[in-house]
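Me: I should like to go through the classifications in this structure and see what each one rests on. Please set the values against the definitions.

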Amino acid sequence: MKKALLSIGILLFLFLLTAGCKQKVSIPETTAGMQAVNGQPVFGDALIEGTIGEPSNLIPMLASDSASHSVAGQIFNGLVKYDTDLSITGDLAESWDVSKDGLIITFHLRKGVNWTDGVEFTADDVMFGYKTIIDEKTPSAYKEDYLQVKKAEVLDRYTFRVTYGKPFAPALTSWGSLVVLPRHLLEGKDITKDDFARNPVGLGPYKLAKWVSGQEVDLVSNKDYFKGRAYLDQYIYKVIPDAATMFLELKTGGIDMMGLTPIQYTKQTDTPFFKANFRKYRYPAFQYTHLAFNQKHPWFKDKRVRQAIAYGVDKNEIVDVVLFGLGTPATGPYVPNTWPYNPNVTKYGYNPEKAKELLKEAGWQDTDGDGVLDKDGKPFEFTILTNAGNALRKNTATIIQWRLRKIGIKVEIRTVEWSTFVNQFIDKKRFEAVLLGWSIGLDADQYDIWHSSKTKEKELNFINYSNSEVDALLEKGRRTFDIEERKKAYFRIQEILAEEVPYIFLYVPDATPIVHARIKGIKPTAIGISYNLPKWYVPKPLQRHALAP
Amino acid sequence: MVKYLAKRFIEMIPTLFGITLISFFIIHLAPGKPTDALSEMNPKMTPEARERLEKYYGLDKPIMVQYGLWLKRVVQLDFGESFSMDRRPVMQKIWDTKQPIAERRLFITFMLNLMAMIIILLIAIPIGISSATHQHTLYDKITTTTVFVGFAIPSFWLALLLMMLFGVYLDWLPISGLKSMNYDTLPFWGRMLDRARHLILPLFVIAFGGLAGNSRYMRSSMLEVIRQDYVTVARAKGLPEQQVIYRHAFRNALLPLITLIGLSVPGLIGGSVIFENIFGIAGMGQLFFNGVMARDYPLIMAILTIGAFLTLIGNLLADIGYMLVDPRIRAQ
């Protein structure tokens, strides 16, 4: 008894002791101060971003997780990059020429750009990167674009030329940061084994200072960055695997930036504290969520049935309820307000009467009066399959289930762990309908998702969609560089997809990052906020962290 | 004694072998492959590229061959390279020789669990004894309820509530990680204090959940012992109650608990997976969780093997402890 009390006493004492001596980073700013101070950009301070996953490999061509690409993106630059209006602009390449037939691209590189170890960046580095990515031994998931190259040559120190067998529209954008590697450090080495992946030398706005596995990745600004030193001295990624913990860290000032969930965006950060100390941003993410039908399934072969289901689902309701309004109903596989997006396609507003009519035409009627439609004695019941652990998808499926019940279709929902989901159901094509999302690349080419030749196991047209006109248009779209020609092709594809409803395009969610209010210079655009991160700054009086000498 | 220990040690080898064999097959039975994370739903990935990757990882060979190759390396204490994109040796991930010992994952998990175990015993044993000696009193009822509440509360939920209370509202304690951003600039005692502050919440959460089992076992075994004749004799000859309980009854009541401690190792390692993720602690449990999600076979196998080994060692230590406190066993 006494001992019990003693140990509890010790514990309590410990609590009080530690609570008493908390050492806290002083936070100088007041609310009013944060709003008023603006002025000229100055150097200093640090940005701490929370990340659920730890980067795995900082060589871009070997990494396939977003955490790695996010960090590597601050360390490496590409020859070209996307501008804020989604056009392509030069980065390490000052300019480029595309031959008339679209087969030859010649890049003219910037002069005087140095790797952080002081060696100059040249065309040999690009050549080295290209040779590495097409190498048999390099386990890169991004090879395919580069295997299209027929010939690559270094014309002189600052000129690099590639020749393609066929015109290939995504060719230009593939020369981003995936293929720029320092030859002088890596030549003759096995990049999969070399320490470089955890200790890279780059030429971007930041360089790696420290990486503590499972805890944090510290970047410091590259003072010789060719576009000018970044204002924020440090950019720190803090690994916090649990999303709820991360939000609490945001609240206590442990991190400055994270992506919010819809409920965090609309409700949990709608407080005076957050309004005073943080800025929220919102823009359409490059992804969409859809309900895909197995085109081989006898019921879903009938276009009218797919259209009926599209009429039976209220997309606005899903956006309002599931995303708390933080998204846009989708009408096709592109993000609204981007150049390939066609706003004038058939839209399926919520219309249960029309849905019932179409189903009746297709032979579905409730003959036995049990409230479920039937045909040839079989009730209209199907399963929507989705991956476990994604609450947004599960909620969406539940709403669809409820809506479809109203037009006489019984839906079951089944969630399966991701790896199992892909291997056992998607690849084997054992599903009736799946609720999934696609991330859309910034290029408009979607050949792999819609072309009828891409239906083998492990390929991405897993619903077996096949339309010869779409096939031809997809081919046309990737074989010309003329943006107007491409636009025509992709507009027509969207019309066909809207008419045929192989997917019900549900919504494009918004990305909703939150950043501490002391950080200025953030300008949201179509491609998000982090494109100009080197230009972000903290006015002197509001700076919190100083770089340890 | 030595002979017995040697025998026990040799017996461990086939057991460990069996555990690895079963683990190896079970994790390979789970659908999905390590190449999934690299290639799934990636429009730029062709089936040929997948095959190249699978060959690269040696996944094209029959599973028996894969196990054979794995075993051959493990016998030489080489757990191979991780299948994740960084391709680091698995041992390097678990026990990174480039980091100070206190930063190595195995050490972090081991020390946390050891500390938690000590705290659990320091609290559970006195609670068990006092509940037994005060059976059916209000004190007994309160402690019983408290430890069962601790047992019943999901640890992740309790962790979040405590983080909100002590981290956000009261702002007394840090929420995640094991040290602060400014750790390197602190003086020695500042560093110790910083560590201690970070440890309070995780240790409390692990310990609170582990109290119930240990204290209840202690209580029931104590109740059994104090009804024995020799305790009655001790009382009859007029020994003070303190001496009766702590000198005569306690030692005998401790015996079942020793076995229990030996068996609790797998539970603790399993618990690490959960709380290390919630508290953002870079230990072995967090590594294991990521490994399972990515189907990183060499990493999973290495952690399972280390876990199995620690469990067997735990059992062995329990048996040795048993021998030390119980002369009857020693005689056998």
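Reply: Let us begin with contact: two residues are in contact if their C-beta atoms, placed from the backbone, lie within 7 Å. In this predicted model, Arg304(A), Val305(A), Gln307(A), Ala308(A), Tyr311(A) and Gly312(A) of H11(A) meet Pro352(A), Lys354(A), Ala355(A), Leu358(A), Leu359(A) and Glu361(A) of H13(A). By class, this contact comprises 7 nonpolar, 2 polar and 3 charged residues.

Me: Why are H11(A) and H13(A) called roughly antiparallel to each other?

Reply: Helix H11 (residues 303–312) and helix H13 (residues 352–361) of chain A pack at an angle of about 165 degrees, with their axes 8 Å apart. Angles over 145 degrees count as roughly antiparallel, and H11(A) and H13(A) are therefore described in that way. The crossing of H11(A) with H13(A) is left-handed.

Me: What makes Leu59(B) partly exposed?

Reply: Leu59(B) has 17 C-beta neighbours inside 10 Å. A residue is buried at 20 or more and exposed at 12 or fewer, so the count of 17 places Leu59(B) in the partly exposed class. Leu59(B) lies in the loop between helix H3 (47–57) and helix H4 (63–75) of chain B. Leaving aside residues up to four places away in sequence, Leu59(B) touches Lys33(B) and Glu54(B).

Me: What makes S4 and S6 of chain A edge strands?

Reply: The open sheet has 4 strands in the order S4-S5-S7-S6 (chain A), with antiparallel pairing. Strand S4 (93–98) and strand S6 (149–156) of chain A each pair on one side only, and they are its edge strands. Neighbouring strands of this sheet are turned by 15 degrees against each other on average, direction ignored.

Me: How do you know that S6(A) and S7(A) pair?

Reply: Two strands pair if DSSP finds at least two bridges between them. S6(A) and strand S7 (residues 159–164) of chain A are joined by 6 bridges and run antiparallel, so the criterion is met. Lys151(A) has Thr163(A) in S7(A) as its bridge partner. Helix H4 (residues 123–134) of chain A packs on the sheet, where it touches strand S5 (104–109), S6 and S7 of chain A, and its direction makes about 160 degrees with that of S6(A).

Me: Which residues are bridge partners between S8(A) and S9(A), and how many residues lie between these strands?

Reply: Leu208(A) has Leu219(A) in S9(A) as its bridge partner. S8(A) and S9(A) form a hairpin with 3 residues between them, and Gly214(A) in the turn has a positive phi of about 80 degrees.

Conventions
Residues numbered from 1 in each chain as written. Chains lettered and ligands numbered in written order. Predicted model: local features only at pLDDT ≥ 70, side-chain atom pairs only at ≥ 80, totals over all residues. Helix = DSSP H or I, 4+ residues; strand = E, 2+ residues; numbered from the N terminus. Axes fitted to C-alpha atoms, helices over the stretch in contact; angles between N-to-C directions. Parallel < 35°, antiparallel > 145°, perpendicular 65-115°, else oblique. Left-handed = near helix turned anticlockwise from the far one by under 90°. Nonpolar A, V, L, I, M, F, W, Y, C, P; charged D, E, K, R; others polar.
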